[in-house]
Amino acid sequence: PNGALLSGTMVNYTSEKNRRVDLTFGIAYEDSIPKAKEILWQIIKEEKRIDELPEAVVAVQALADSSVNIVVRVWCVKEEYWNIYFAMQEKVKLAFDDQGISIPYPQRTIWQGNPAAATGS
């Protein structure tokens, strides 16, 4: 079970000068992807602790069960990693709330009783 660990290459990211911060934000299917991406780019631009190079990435990552997931990848000096991670979470939530972009939560429909009645069979 440890074969990959013993024979592969391990990278100690904390020994590097810079780190990439990966964040994923889900928006409702009814919301505007371009508007959400514009908000994210604005937050990145305003966050002075984020490095300009390598260039940040903002892209649709997945069409998930309950949301359209948008990935944000930015670079920073390793000492700022967690500060940026936590700050971005809060800034995005507040900006999405302010601009009418909703962050959905998973929902399930539960049928009780005769399954045939639920499908019309």
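How is Glu80 classed by its relative accessible area: buried, partly exposed or exposed? Glu80 counts as partly exposed, because its relative accessible area is 22%, and buried would mean under 20%. The close-ups below walk you through the neighbourhood of this residue and then on to the sheet. Please keep in mind that this is a predicted model.

**Figure 1. Glu80 and Arg49 meet through their side chains in a salt bridge.** The N to O distance here is 3.6 Å. This pair brings together distant parts of the chain, with the two positions 31 residues apart in numbering. Glu80 belongs to the loop between E3 and helix H3 (81–99), while Arg49 lies in the loop between helix H2 (33–46) and strand E2 (57–63). Arg49 is partly exposed, at 31% relative accessibility.

**Figure 2. Arg49 also forms a salt bridge with Glu47.** In this view the closest N and O atoms are 2.7 Å apart. Glu47 is buried, because its relative accessibility is 5% and the cut-off for buried is under 20%. Arg49, at 31%, counts as partly exposed.

**Figure 3. A network of salt bridges links Glu47, Arg49, Glu80 and Lys91.** Here you can see the pairs from the two previous views, Glu47 with Arg49 and Glu80 with Arg49, in their wider setting. The structure as a whole holds six salt bridges.

**Figure 4. Arg73 and Asp22 form a salt bridge between two strands.** Their closest N and O atoms are 3.6 Å apart. Arg73 sits in strand E3 (residues 68–77) and Asp22 in strand E1 (residues 18–27). The two residues are 51 residues apart, so this pair, too, links distant parts of the chain. Both partners are partly exposed: Arg73 has a relative accessibility of 31%, and Asp22 has 33%.

**Figure 5. Three strands make an open sheet in the order E1-E3-E2.** The pairing is antiparallel. E1 and E2 stand at the edges with a single partner strand each, so one side of each has no neighbour in the sheet. From one strand to the next, the twist averages 25°.

**Figure 6. E1 and E3 run antiparallel and are joined by 10 bridges.** A handy place to zoom in is Ile27, which stands opposite Val68 in E3. Helix H3 packs on the sheet, where it touches E1 and E3. The direction of H3 makes about 25° with that of E1.

Conventions
Residues numbered from 1 in each chain as written. Predicted model: local features only at pLDDT ≥ 70, side-chain atom pairs only at ≥ 80, totals over all residues. Heavy atoms only, no water. Salt bridge = Lys/Arg side-chain N within 4 Å of Asp/Glu carboxyl O. Helix = DSSP H or I, 4+ residues; strand = E, 2+ residues; numbered from the N terminus. Buried < 20%, exposed > 50% of the residue type's maximum accessible area, 1.4 Å probe, protein only. Pairing = 2+ DSSP bridges. Axes fitted to C-alpha atoms, helices over the stretch in contact; angles between N-to-C directions. Contact = heavy atoms within 4.5 Å.
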